[in-house]
Amino acid sequence: MSATPLLALRGVSKRFGAVQALTTVDFEVHPGEVVALVGDNGAGKSTLIKIISGILPVDEGQVLFEGRPVSLTGPQASSSLGIATVYQDLALCDNLDVVGNLFLGRELRGGGAGKLVGWLDETAMERQATELLQRLSVSIPSVRTQVASLSGGQRQSIAVARAMMGSPKVVLLDEPTAALGVAQTKQVLELIRRLREQGLGVVVISHNMVDVFSVADRIIVMRLGKRVATFDAKEAKQVDVVSAITGVKKTEVVETLKPEVV
C-alpha cells in the first residue's frame with residue numbers, strides 16, 4: 001500500500017446551524033484499497049461524502065489529494081481531480097440504452113460533414129462502451145440494451161462504469177448493494193474488487209456488515225459526527241464493529257446478535 005493516501009481529510013468539521021455534523025474528522029483512502037465507511041443514520045457519513053464530492057464546503061480542516069492540499073469548490077472541481085461518486089439512486093435514464101447512459105453529456109461527434117450537422121459517432125461510442133464493460137468484466141446482453149430492462153446488479157454496474165468514463169482515481173459508492181438479491185450483490189462486490197485490482201481507491205458506504213467484511217480492506221466507523229474507530233477487515237470481528245457503531249458494550253451487542261431461543 002502506498003505511504004501517501006490518494007485522498008485524505010485532516011481535521012474536517014462541518015456545521016449546519018446549531019447542528020455539528022462533523023467534528024475534526026480524519027479520513028484517508030490509498031491506491032488499491034477498499035475502505036468501508038459505516039455508521040448509523042446521522043453519524044455523518046453522507047456529509048463526509050458530500051464534502052469529498054464537492055457538494056458541501058468544509059468549515060474547518062484540510063483536504064489533500066495525492067499529498068497536495070486542494071480546494072473542493074464544487075462537483076466539477078472534485079471530478080477534475082479524479083473523484084467519482086455513484087449515489088444510491090444511480091441517476092440512470094431508463095429510456096436510453098447502455099451506450100446512451102454512458103455517454104450522456106459527453107457524446108462523441110462524427111467527423112467530416114457529420115460534425116458540421118451535429119451527428120453523433122455512434123460506432124465509436126459503442127466500441128468504447130464495449131471496451132470499458134469488458135475491462136470491468138460487466139456482463140450484459142448488449143450495449144444497446146435499454147437500461148430499464150437490466151437487473152439491479154447490472155444497473156449498479158452500469159452506474160459504476162459511467163463513473164469510470166472520466167478515468168477517476170477514487171470512486172465513492174453509496175449503498176451499492178442496497179435492495180439487491182444474492183446473485184446481484186455478488187456481481188457488484190466482484191466489480192468493486194476489480195476496481196481495487198486496477199489501483200483505484202474505493203470508498204463504500206454500507207449498512208450491510210456481511211458485504212462490508214466481504215470486500216473491504218479497512219473499516220472506518222463514524223458516530224455522532226466523529227471518527228470513533230478503524231478496523232482491519234481481515235482481523236476485526238463483526239461484534240466489535242457493531243459495538244463501535246452503536247456505542248454499546250460488546251457484551252451487550254453479543255446478546256442482541258444471538259439467535260432467539262424458541
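With which residue does Asp-97 form a salt bridge, and how far apart are the closest N and O atoms? In the predicted model described here, the partner of Asp-97 is Arg-144, and the closest N and O atoms of the two residues are 2.9 Å apart. Asp-97 is placed in the loop between β6 and α3, whereas Arg-144 belongs to the loop between α5 (122-135) and α6; the pair thus links distant parts of the chain, 47 residues apart. The two partners were assigned to separate accessibility classes. Asp-97 has a relative accessible area of 16% and is buried, because the buried class covers values under 20%. Arg-144, with a relative accessible area of 32%, is partly exposed.

The loop that precedes α3 contributes a further ionic pair. A salt bridge joins the side chains of Asp-94 and Arg-155, with an N to O distance of 2.7 Å. Asp-94 lies in the loop between β6 (83-86) and α3 (98-102) and Arg-155 in helix α6 (residues 152-164), so this salt bridge ties together parts that are 61 residues apart in sequence. The relative accessibility of Asp-94 is 36%, a value that counts as partly exposed.

In total, 13 salt bridges were counted in the model. One of them is formed between the side chains of Arg-218 and Glu-33, at 2.5 Å from N to O. Here the connection runs between two strands: Arg-218 is in β9 (residues 218-223) and Glu-33 in β3 (residues 33-38), and the two residues are 185 residues apart. Both partners of this pair fall in the buried class. Arg-218 counts as buried at 15% relative accessibility, and Glu-33 is buried with a relative accessible area of 0%. The pair is also part of a wider arrangement, since a network of salt bridges links Arg-10, Glu-28, Glu-33, Arg-218 and Arg-227.

Strand β9 also contains Ile-219. This residue counts as buried, its relative accessibility being 0%. Apart from neighbours within four places in sequence, Ile-219 is in contact with Ala-36, Val-38, Val-212, Phe-213, Ala-229, Thr-230, Phe-231, Ala-233 and Val-241. Leu-180 lies 39 residues from Ile-219 along the chain, and the C-alpha atoms of these two residues are separated by 22 Å.

Helix packing was examined next. Two packed helices are described by the angle between their axes and the distance between the axes. For α6 and helix α7 (residues 182-197), the axes come within 8 Å and cross at roughly 20°. The two helices α6 and α7 are therefore roughly parallel to each other, as angles under 35 degrees fall in that class. Their crossing is right-handed. On the α6 side, the contact is made by Gly-152, Gly-153, Gln-154, Gln-156, Ser-157, Val-160 and Met-164, and on the α7 side by Gln-184, Gln-187, Val-188, Leu-191 and Leu-195. Seven residues of the contact between α6 and α7 are polar, five are nonpolar and none is charged.

Helix α6 also packs against α5, where the axes come within 10 Å and cross at roughly 110°. The helices α5 and α6 are therefore roughly perpendicular to each other, because the range from 65 to 115 degrees defines this class. The crossing of α5 and α6 is right-handed. In this contact, Leu-132, Leu-133 and Arg-135 of α5 meet Ile-158, Ala-161 and Met-164 of α6. The residues involved in the contact of α5 with α6 comprise five nonpolar, one charged and no polar. Met-164 is listed in the contact of α6 with α7 and in that with α5.

Positive phi values were found at non-glycine positions in loops adjoining these helices. Ser-137 is found in the loop between α5 and α6, and its phi is positive, at about 55°, although the residue is not a glycine. At 45% relative accessibility, Ser-137 counts as partly exposed. Ala-179 lies in the loop between β7 (170-174) and α7. The phi of Ala-179 is near 65°, again a positive value in a residue other than glycine. Ala-179 counts as exposed, with a relative accessibility of 85%, because the exposed class begins over 50%.

Terms used
Residues numbered from 1 in each chain as written. Predicted model: local features only at pLDDT ≥ 70, side-chain atom pairs only at ≥ 80, totals over all residues. Heavy atoms only, no water. Salt bridge = Lys/Arg side-chain N within 4 Å of Asp/Glu carboxyl O. Helix = DSSP H or I, 4+ residues; strand = E, 2+ residues; numbered from the N terminus. Buried < 20%, exposed > 50% of the residue type's maximum accessible area, 1.4 Å probe, protein only. Axes fitted to C-alpha atoms, helices over the stretch in contact; angles between N-to-C directions. Parallel < 35°, antiparallel > 145°, perpendicular 65-115°, else oblique. Left-handed = near helix turned anticlockwise from the far one by under 90°. Contact = heavy atoms within 4.5 Å. Nonpolar A, V, L, I, M, F, W, Y, C, P; charged D, E, K, R; others polar.
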